[in-house]
Amino acid sequence: MNDKQIQAFVMSKPVPTVIGPDGETYITDHHHFSLSLIQATLGSQVSDPVTARVVYNCVQNNWSNMTSDAFWAQMIATNNTYLRDERGNAITLEQLPHSLKYMRDDPFRALSEYVRDGHGYIKCGEPHTDKMPQCKGSYPPFFLEFIWANFLREKFQDTDFEASLRPVLTPPLQDYIYLENSQGQMVDLKSLLQPAIQYVQSSAAKDLPGFNLNPEILQPTVLSIDNHGCD
């Protein structure tokens, strides 16, 4: 992609933001996209790698006149803040990353997205889910993908992955997928897709929001994903 193509692509994905005290800008969604842009290796066709990494904000609320305490109370009340870490554990406001650069990866959030894209569970409010009876007049709850990520984490975090993929010093099973490099992590997530798709259709998941009530309409499917996470 050249400069113009990258700019057009980035402009098609505006990043929702909120303006907080002292005029600070806070991203409320599209964190993965924004971080990927920072980390991306840009090809030789890009003449200005700094400009190519600029995101375009969509300011949803301006709460710059609030005190810090009132601002964060508002962020929590409006579900613009998710106070969980990459393992699903509760955290405090002080423990939130102060920059995209310090965000830590939750591999089960990625697995949740692949399961969702394969119709393992249903996110209402999207064009392809309008045909689902369960979506008539219904909207997804906040943090739906994280709800399913935590559900999948409880089932699969102790998975004993292929021994040939392990480093010489093997960490405890519950830590393994968090400590891998990104390519090793994707290999492991691919191995979990089939059992994850089956598990989210089981009775253990029936009470979760978005449970696929009509698999004959949107059939759960295991996506074909490469080792870089692209489907």
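Helices are DSSP runs of H or I of at least four residues, numbered from the N terminus. I worked with a predicted model throughout.

**Entry 1. Leucine 189**

I looked up leucine 189 and found it in helix H7. I then asked whether leucine 189 is buried or exposed. Its relative accessible area is 1%, and buried means under 20%, so leucine 189 counts as buried. Setting aside residues up to four places away in sequence, I listed what leucine 189 touches: Pro107, Ala110, Leu111 and Ile177. I also checked one C-alpha separation. Leucine 189 and phenylalanine 108 are 81 residues apart along the chain, and their C-alpha atoms are separated by 8.2 Å.

**Entry 2. H4 against H7**

Next I turned to the helix pair H4 and H7. I noted that the axes of H4 and H7 come within 10 Å and cross at roughly 50°. H4 and H7 are therefore oblique to each other. I recorded the crossing of H4 and H7 as right-handed. On the H4 side, the contact is made by Pro107, Phe108, Ala110, Leu111, Tyr114 and Val115. On the H7 side, I found Gln185, Met186, Leu189, Leu192, Leu193, Ala196 and Ile197.

**Entry 3. H4 against H5**

I then examined H4 with H5. H4 and H5 pack at an angle of about 110°, with their axes 8 Å apart. At that angle, H4 is roughly perpendicular to H5. H4 passes H5 in a right-handed crossing. From H4, I listed Phe108, Arg109, Leu111, Ser112, Val115 and Arg116 as making the contact. From H5, the contributors are Glu145, Phe146, Trp148, Ala149, Leu152, Arg153 and Phe156.

**Entry 4. H5 against H7**

For this pair I asked at what angle H5 and H7 pack. The angle is about 115°, and the axes are 11 Å apart. I therefore entered H5 as roughly perpendicular to H7. H5 passes H7 in a right-handed crossing. The contact is made by Phe151, Leu152, Lys155 and Phe156 of H5, together with Leu192, Pro195, Ala196 and Tyr199 of H7.

**Entry 5. The largest nonpolar core**

I looked for the residues at the centre of the contact list in the largest nonpolar core. This core has 25 residues, of which Phe108, Leu111, Val115, Trp148, Phe151, Leu152 and Phe156 touch the most other members. I noted the elements that give two or more residues to this core: H4, helix H5 (144-156), helix H6 (173-179) and helix H7 (182-199). Which element gives the most to this core? I found that it is H7, with seven residues.

I followed phenylalanine 108 further. Leaving aside neighbours within four places in sequence, phenylalanine 108 is in contact with Ala149, Leu152, Arg153, Phe156, Gln157, Ile177, Tyr178 and Leu192.

**Entry 6. Arginine 109**

I located arginine 109 in helix H4. Arginine 109 has a relative accessible area of 11% and is buried. Not counting residues up to four places away in sequence, I found that arginine 109 touches His32, Glu145, Phe146 and Ala149.

**Entry 7. Glutamate 86**

I placed glutamate 86 in the loop between helix H3 (68-77) and helix H4 (107-117). I asked whether glutamate 86 is buried or exposed. With a relative accessible area of 15%, glutamate 86 is buried. I then recorded a polar contact, at 3.5 Å, between the side chains of glutamate 86 and arginine 104. Beyond its neighbours within four places in sequence, glutamate 86 is in contact with Arg104, Asp105, Asp106, Arg153 and Tyr178.

**Entry 8. Asparagine 150**

I found asparagine 150 in helix H5. Asparagine 150 and aspartate 106 are 44 residues apart in sequence, and I noted a C-alpha to C-alpha distance of 9.9 Å. Which residues are in contact with asparagine 150, leaving aside its neighbours within four places in sequence? I listed Tyr82 and Gly88.

**Entry 9. Helix H2**

Finally, I looked up helix H2, which spans residues 31-39. I noted Phe33, Ser34, Leu35 and Leu37 as buried in H2. The buried residues of H2 pack against helix H1 (3-11), strand S1 (15-19) and strand S2 (25-27).

Conventions. Residues numbered from 1 in each chain as written. Predicted model: local features only at pLDDT ≥ 70, side-chain atom pairs only at ≥ 80, totals over all residues. Heavy atoms only, no water. Buried < 20%, exposed > 50% of the residue type's maximum accessible area, 1.4 Å probe, protein only. Polar contact = N/O pair within 3.5 Å; in protein donor to acceptor, adjacent residues only side chain to side chain. Contact = heavy atoms within 4.5 Å. Core = buried A, V, L, I, M, F, W, Y, C linked by side-chain atoms within 4.5 Å. Axes fitted to C-alpha atoms, helices over the stretch in contact; angles between N-to-C directions. Parallel < 35°, antiparallel > 145°, perpendicular 65-115°, else oblique. Left-handed = near helix turned anticlockwise from the far one by under 90°.
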